[in-house]
Amino acid sequence: MNALIVFRRELAGYFLTPVAYVFIVIFLLTTAAFTFYLGNFFERGQADLKSFFTHLPWLYLFLIPAIGMRLWSEERKTGTIELLLTLPISVPAAVLGKFLAAWAFTAIALALTFPLWVTVNFLGDPDNGVILAGYVGSLLMAGGYLAIASCLSATTQNQVIAFVVATVVCFAFTVSGAPLVLEFFAAWAPQSLLDLIAGFSFLVHFNSIVEGVIDLRDLVYFASLIAVWLFANWIVVEHKKQAG
């Protein structure tokens, strides 16, 4: 229940300033450009959202840390975190409420890309099951990015530092399964370690879902990743609270 109170407060807070609307407009314009122009939609002659889902992880790499950077660092900078932590709200509830609000805001932005889905259905006969799976994967990946950004936001009161560090960490998780990275380790690392490194990659699990196959292992990966980073977020905030 306490997490729900924080969730409502945070989600409402997004729409009290023009920043949220600017973010959504930028997100929609960028995704449309990636889908129809940079993704060569018309040249390919296929009615699908493959180019949209191909470019989305790289768009998330900058936009999601921009959402997550303020979750805790702004509270620390303005001093409102002391007020929040003196309320009868547990730290885990505060962490969960803030995360869910940011995730819901991202889900709203993602849902507003529905005209792209409508357009490809108007132009052709896409596999809507694959597109739906792609949206599920996109939402899960956004949750992973946000959990990382939220945790790192709690480590500093400087939003710029939180953004840069979160972007770097998210980038590492995104490309860890790329051939270039695996080839770097392949010279000395055993195959089991290479599989482990590749297993941490957002892209490996996201691309699997985008292909239309929602495997339990991919769901467990994203759920575990989010849980681990939220737990780390809890530890960081609890430590800051105890340190005064």
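The following exchange goes through cysteines, aromatic rings and annotated spans in a predicted model.

Colleague: How many disulfides does the structure hold?
Modeller: A disulfide is a covalent bond between the sulfur atoms of two cysteines. C151 is in no disulfide, and the nearest cysteine sulfur, that of C170, is 11 Å away. Seen from C170, the closest cysteine sulfur is in C151, and 11 Å is too far for a bond, against a cut-off of 2.5 Å. The number of disulfides is 0.

Colleague: Is C170 buried or exposed?
Modeller: Buried means under 20% relative accessible area. C151 falls under that limit with 5%. C170 has 0% relative accessibility, so C170 counts as buried.

Colleague: Which class of pair do the rings of F99 and W103 form?
Modeller: The structure holds 19 aromatic pairs. In this one, the ring centres of F99 and W103 are 5.3 Å apart and the planes stand at 45°. Planes under 30 degrees apart would count as stacked and over 60 as edge-to-face, so the pair of F99 and W103 is tilted.

Colleague: What separates F99 and W103 along helix α7?
Modeller: Helix α7 covers residues 91-111. F99 is buried there, at a relative accessible area of 2%. F99 and W103 are 4 residues apart in the helix, so their separation is about one helical turn.

Colleague: Which class of pair do the rings of Y221 and F222 form?
Modeller: Both residues are buried: Y221 has a relative accessible area of 11%, and F222 has 0%. Their ring centres lie 5.0 Å apart, with the planes at 70°. Over 60 degrees is the range for edge-to-face, so the pair of Y221 and F222 is edge-to-face.

Colleague: Which residues form one aromatic cluster with Y221 and F222?
Modeller: Y221 and F222 belong to one aromatic cluster. The other members are Y60, Y145, F173, F200, F202 and W229.

Colleague: Over the ring of which residue does the charged end of K98 sit?
Modeller: One charge over a ring involves R70, which lies over the face of Y14 at 5.0 Å from the ring centre. For K98, the charged end is 5.0 Å from the centre of a ring, and that ring belongs to W72.

Colleague: What is the helix content of residues 130-148?
Modeller: An unreviewed UniProt entry lists several spans as "transmembrane region", including residues 57-73 and 130-148. Residues 57-73 have end C-alpha atoms 24 Å apart and are 94% helix. For residues 130-148 the end C-alpha atoms lie 27 Å apart, strand is 0% and helix is 100%.

How values were computed. Residues are numbered from 1 along each chain as its sequence is written. This is a predicted model: local features need pLDDT of at least 70, side-chain atom pairs count only at pLDDT 80 or more; totals for chains, interfaces and linings use all residues. Side-chain values use heavy atoms; hydrogens and water are left out. Buried means under 20% relative accessible area, exposed over 50%, partly exposed in between (1.4 Å probe, protein chains only). Rings of Phe, Tyr and Trp (its six-membered ring) pair if their centres lie within 6.5 Å; planes under 30 degrees apart count as stacked, over 60 as edge-to-face and the rest as tilted. Helices (H or I, at least four residues) and strands (E, at least two) are DSSP runs, numbered from the N terminus. A charge sits over a ring if NZ of Lys or CZ of Arg is within 6 Å of the ring centre and within 35 degrees of the ring normal. UniProt positions are given in the numbering used here, feature names are shortened, and annotations may be inferred rather than shown by experiment.
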